[in-house]
There are 2 protein chains.
Amino acid sequence: MSENTSPRDFEGLKTLLAERREILPRRLQQVAEFAMAHPDEVAFGTAASIAALADVQPSTLVRFAKALGYAGFSDLQGVFRHRLRERWPDYEERLRTLNDVSHAGHDPLRLLFGFVESAATSLERMRQTISGDDLERAVDILARADTIYLLGQRRAFPIAAYLAYALPKLRLRSLLVDNVASLGPEQMAYAGPRDVLVAISFTPYTPFTVELARTAAEAGVPVIAITDSVFSPLRPHAEVWFEVVESDFGSFRSLSASLSLAMALAVAVGEKRAALPPKTGRG
Amino acid sequence: MSENTSPRDFEGLKTLLAERREILPRRLQQVAEFAMAHPDEVAFGTAASIAALADVQPSTLVRFAKALGYAGFSDLQGVFRHRLRERWPDYEERLRTLNDVSHAGHDPLRLLFGFVESAATSLERMRQTISGDDLERAVDILARADTIYLLGQRRAFPIAAYLAYALPKLRLRSLLVDNVASLGPEQMAYAGPRDVLVAISFTPYTPFTVELARTAAEAGVPVIAITDSVFSPLRPHAEVWFEVVESDFGSFRSLSASLSLAMALAVAVGEKRAALPPKTGRG
DNA sequence: GGCGGAATGGAAAATCCGTTCCCGTCGTGG
DNA sequence: CCACGACGGGAACGGATTTTCCATTCCGCC
């Protein structure tokens with residue numbers, strides 16, 4: 001017994017089963033087939049419920065797990081659960097190994113790979129969660145704006161700064177509220193309903209950003225928020241808001257997803273504006 | 001009590017929490033935040049394990065569930081599990097939209113996918129090309145530095161700004177040369193051989209950045225360059241230089257790879273510095 | 001046809017887990 | 001200053017779930 005075979009990931013298990021199935025006892029084959037056909041059931045069910053569905057005894061599930069080298073049923077079930085957590089099979093394995101090894105030594109290259117992975121994960125997650133409708137609404141508002149005010153402090157500042165670089169290249173009038181010399185409020189003083197504020201803030205939300213966004217909203221300035229949770233204090237003041245959850249690696253969060261979103265917004269607005277009838281000037 | 005509020009789906013719960021959070025007791029707020037930030041943990045964990053992660057008592061989880069109108073913790077957990085069963089149905093459809101040529105108009109979602117794609121490509125390419133030796137040399141130099149000067153203008157500015165945010169968090173002395181009021185040269189005036197300059201510039205290389213990097217190098221300041229080609233004018237002045245080639249999408253280049261590199265450098269230096277003998281002060 | 005070992009079913013036992021309950025604390029209003 | 005109620009911590013309870021164990025069955029081999 002017990003060669004040390006117990007794949008931690010679903011793919012490995014799949015492979016193992018493909019090899020072993022023929023040599024397995026009849027009931028265990030039955031379990032194997034059921035497990036591959038209904039992995040979600042295995043992930044969520046209890047031993048009893050799964051056994052009933054697969055038409056075997058609960059004890060058979062335990063035997064199955066042990067025959068494959070797992071500590072018990074729960075251990076095996078962990079593999080099925082893990083699969084559902086990481087909906088992105090490509091990155092699943094990589095991040096695992098990285099987290100394991102990163103505890104060992106601080107090899108700079110390993111850190112780099114870690115940040116690359118968390119950036120990639122953030123990107124993929126955003127791709128799956130951002131709503132096209134929200135995007136279009138935001139683009140619509142932005143395209144009609146006179147001036148686009150850009151507000152992001154601390155960790156969010158790089159994104160605002162990037163927009164301040166990109167928007168003028170697209171011939172869009174924008175103004176970076178960088179709060180230099182604490183002149184943030186003055187920088188925004190003349191923003192009105194025909195303008196837009198893009199406010200960016202992540203946990204822990206910078207009070208200055210929140211406060212200025214609130215003031216702006218009260219002055220009738222439409223607010224587009226890029227933030228990271230439903231609980232964001234920016235949300236109540238925002239016309240449209242985007243939830244971008246960035247993965248972290250060792251307490252430092254990626255910015256890749258937010259930046260990509262910012263770029264997409266900028267270019268989309270640029271294109272839309274080009275298609276719009278020329279503006280007639282303010283007033 | 002018990003108005004009949006207990007959304008069966010995740011979106012409904014999200015909305016409910018967004019409304020109710022403020023009127024919830026402190027611990028329950030804490031649970032709400034954790035749940036929204038780590039829905040997968042809630043889906044698979046046990047009450048005890050979730051409680052530990054959220055830093056509350058298991059009983060608080062039950063209170064939380066009941067306060068929201070659920071029968072108990074398990075009932076609430078069902079909502080989180082349900083969410084995972086729902087395969088992201090629109091993902092396939094989204095990809096089809098992306099590849100669908102008839103939809104050739106300016107679909108913002110397609111732009112977003114495009115930028116995500118180019119960011120991912122940049123990340124992957126960097127991962128394959130960055131040299132571990134260069135990284136270690138750079139980390140070594142940075143870890144011994146007195147003050148880390150950060151120089152990046154225009155498109156490179158977000159990276160410098162991010163480092164200015166991250167380095168102090170790692171207890172490293174740094175100074176962002178933002179060139180406000182054209183005071184860049186003065187900001188760097190006292191940099192010397194015991195300091196380091198991190199200079200970041202991409203095609204078309206901002207003359208100001210190149211010039212200041214040259215001056216610094218002549219003053220004996222070690223320079224670490226992040227740039228995008230062997231022909232970069234930064235290279236001649238740099239002790240260590242990184243070539244990061246970012247992919248572009250419609251004339252806008254990603255920043256993800258450079259940012260990940262910056263993060264990795266920062267954290268690696270932080271770790272190395274922690275391992276180094278304490279500094280003896282300048283002079 | 002009988003024997004032996006593996007496989008299986010089923011139920012008991014041990015474990016784990018969610019829930020409840022009680023008590024101490026804090027803040028508030030009388 | 002006290003009384004009250006809401007809140008929160010923690011332990012104990014009861015239920016559910018996994019695991020173990022043993023009797024029985026099945027199957028191949030002598």
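Of the atoms of DNA strand C within 4 Å of the protein, what percentage belong to sugar or phosphate? In this predicted model, the share of sugar or phosphate atoms is 69%, and the rest of those atoms belong to bases.

## The surface near DNA strand C

DNA strand C is surrounded by 16 residues, and the closest of them come from both chains: A:Arg27, A:Gln57 and A:Arg63 on one side of the list, with B:Ala47 and B:Lys66 on the other. Sorted by class, the surface near the strand has 7 polar residues, 5 nonpolar residues and 4 charged residues.

Three of these contacts can be followed down to individual atoms. In chain A, a polar side-chain atom of A:Gln57 lies 2.5 Å from a phosphate oxygen of DNA strand C, while an N or O atom in the side chain of A:Arg63 is 2.7 Å from a base oxygen of that strand. In chain B, an N or O atom in the side chain of B:Lys66 is found 2.4 Å from a phosphate oxygen of DNA strand C. The elements that give two or more residues to this surface are α2 (26–37) and α5 (58–67) of chain A, joined by α4 (47–54), α5 (58–67) and α6 (73–85) of chain B.

## A covered strand in chain A

Strand β4 of chain A, which spans residues 223–227, is mostly covered, since 5 of its 5 residues are buried. In a regular strand, side chains alternate between the two faces of the sheet. In β4(A), A:Val223, A:Ala225 and A:Thr227 point one way, whereas A:Ile224 and A:Ile226 point the other way, and all are buried.

This strand has parallel partners. Strand β3 of chain A (residues 196–200) is joined to β4(A) by 4 bridges, and A:Ile200 has A:Ile226 as its bridge partner. Between β3(A) and β4(A) the chain passes through helix α12 (residues 207–218), and this β-α-β crossover is right-handed. Another 4 bridges join β4(A) to strand β5 of chain A (residues 240–243), again in parallel, and here A:Ala225 is partnered by A:Trp241.

## The open sheet of chain B

In chain B, 5 strands form an open sheet with parallel pairing, in the order β2-β1-β3-β4-β5. Because β2 (174–177) and β5 (240–243) stand at the edges, each with a single partner strand, one side of each is left without a neighbour in the sheet. From one strand to the next, the twist averages 15 degrees.

At the β2 edge, 4 bridges join β2(B) to strand β1 of chain B (residues 148–152), with the two running parallel, and B:Ile148 stands opposite B:Ser174 in β2(B).

Methods. Residues are numbered from 1 along each chain as its sequence is written. Chains are lettered from A and ligands numbered from 1 in the order in which they are written. This is a predicted model: local features need pLDDT of at least 70, side-chain atom pairs count only at pLDDT 80 or more; totals for chains, interfaces and linings use all residues. Side-chain values use heavy atoms; hydrogens and water are left out. A residue is near a molecule or strand if one of its heavy atoms lies within 4 Å of it. A polar contact is a pair of N or O atoms within 3.5 Å; within protein, one must be able to donate a hydrogen and the other to accept it, and residues adjacent in sequence count only if both atoms are side-chain atoms. Ala, Val, Leu, Ile, Met, Phe, Trp, Tyr, Cys and Pro count as nonpolar, Asp, Glu, Lys and Arg as charged, and the others, Gly among them, as polar. Buried means under 20% relative accessible area, exposed over 50%, partly exposed in between (1.4 Å probe, protein chains only). Two strands pair if DSSP finds at least two bridges between them. A crossover is right-handed if, with the strands pointing away from the viewer, the path from the first strand over the helix to the second runs clockwise. Axes are lines fitted to C-alpha atoms, for helices over the stretch in contact, and angles run from 0 to 180 degrees between N-to-C directions.
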